[in-house]
Each structure stands twice: as structure tokens, then as C-alpha cells.
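Here's a quick walk through the side-chain contacts in this one. Have the model open while you read, and we'll go from charges to rings to the surface.

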Amino acid sequence: HKEYRRQRQMCIRDRTMLMVTHEMSFARQVSSQVLFLHQGRVEEQGSPAILDQPQSERLQQFLSGRLK
């Protein structure tokens with residue numbers, strides 16, 4: 001996506017950016033910190049590594065496509 005390329009370039013330039021996305025591969029590439037929100041509450045937060053080994057059941061469900 002053209003928009004993702006532009007956002008990635010901005011992140012590379014050491015700019016502070018808050019982004020909301022469901023694109024986990026993009027989040028892994030450009031993030032130094034990740035927050036997983038569910039119904040307005042922080043379920044889990046940390047480095048992008050939390051997407052590889054989620055601790056919360058909700059994040060596990062989201063990543064597997066089973067979140068209801």
C-alpha cells in the first residue's frame with residue numbers, strides 16, 4: 001500500500017507516531033511499542049515481540065482470528 005510506505009518512511013526518520021492498525025505485520029516492522037486494546041482497555045503492551053508470544057487470551061484470540 002502506498003500509505004504504508006509513506007508511514008514507514010516517517011517512522012524511519014525517528015518521528016513519534018501513534019497509529020491504529022489491524023495490520024500486524026506492519027505493526028511489527030515499524031513499532032518500538034505495541035498496545036493491544038479491547039473494548040477501550042489495554043489488554044497487553046510491550047515491544048512488538050508480544051505479537052509473537054502473547055500473554056493475554058484476547059490477544060491470542062485476535063492473532064488467531066478467533067476474537068469475538
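Let's start with salt bridges: this predicted model has two of them. One brings together the side chains of Asp52 and Arg28, at 3.2 Å from N to O. That pair ties distant parts of the chain, with Asp52 in the loop between E2 and H3 and Arg28 in helix H2 (residues 24–30), 24 residues apart. The other joins Arg58 to Glu43, whose closest N and O atoms are 3.3 Å apart. Here too distant parts of the chain are linked: Arg58 sits in helix H3, Glu43 in strand E2, and 15 residues separate them.

How open are the partners to the surroundings? Here are the relative accessible areas of the four residues.

| Residue | Relative accessible area | Class |
|---|---|---|
| Asp52 | 54% | exposed |
| Arg28 | 34% | partly exposed |
| Arg58 | 33% | partly exposed |
| Glu43 | 30% | partly exposed |

Asp52 counts as exposed because its 54% is over the 50% cut-off.

Now for Glu44, which also lies in strand E2. Which side chain of opposite charge is nearest to Glu44, and how far away is it? It's Arg58, 10 Å away; Glu44 is buried yet has no salt bridge. A salt bridge needs the nitrogen within 4 Å of a carboxyl oxygen, so Arg58 at 10 Å doesn't qualify as a partner for Glu44. What the Glu44 side chain does have is backbone company: a polar atom of it lies 2.9 Å from the backbone nitrogen of Gln55. The backbone nitrogen of Ser56 lies 2.8 Å from a polar atom of that Glu44 side chain as well.

On to the rings. The count comes to one aromatic pair. Phe36 and Phe62 make it, in a tilted arrangement with 5.5 Å centre to centre and 45° between the planes. Like the salt bridges, this is a link between distant parts of the chain: Phe36 belongs to strand E1 (residues 34–38) and Phe62 to helix H3 (residues 57–64), 26 residues apart. Buried or partly exposed? Phe36 is buried, at 9% relative accessibility, while Phe62 is partly exposed at 22%. Phe62 misses the buried class because that class stops under 20%.

Last stop, the surface. Leu35, Leu37 and Val42 make a nonpolar patch of about 280 Å². Val42 is found in strand E2 (residues 41–46), and its relative accessible area of 46% puts Val42 among the partly exposed residues.

How values were computed. Residues are numbered from 1 along each chain as its sequence is written. This is a predicted model: local features need pLDDT of at least 70, side-chain atom pairs count only at pLDDT 80 or more; totals for chains, interfaces and linings use all residues. Side-chain values use heavy atoms; hydrogens and water are left out. Rings of Phe, Tyr and Trp (its six-membered ring) pair if their centres lie within 6.5 Å; planes under 30 degrees apart count as stacked, over 60 as edge-to-face and the rest as tilted. Helices (H or I, at least four residues) and strands (E, at least two) are DSSP runs, numbered from the N terminus. Buried means under 20% relative accessible area, exposed over 50%, partly exposed in between (1.4 Å probe, protein chains only). Patches are made of residues with over 30% relative accessible area and no salt bridge: like charges are joined within 9 Å, nonpolar side chains (Val, Leu, Ile, Met, Phe, Trp, Tyr) within 5 Å. Accessible areas come from the Shrake-Rupley method with a 1.4 Å probe; for residues, only the protein chains shown count as cover. Lys and Arg count as positive and Asp and Glu as negative; His and the chain ends are not counted. A polar contact is a pair of N or O atoms within 3.5 Å; within protein, one must be able to donate a hydrogen and the other to accept it, and residues adjacent in sequence count only if both atoms are side-chain atoms.
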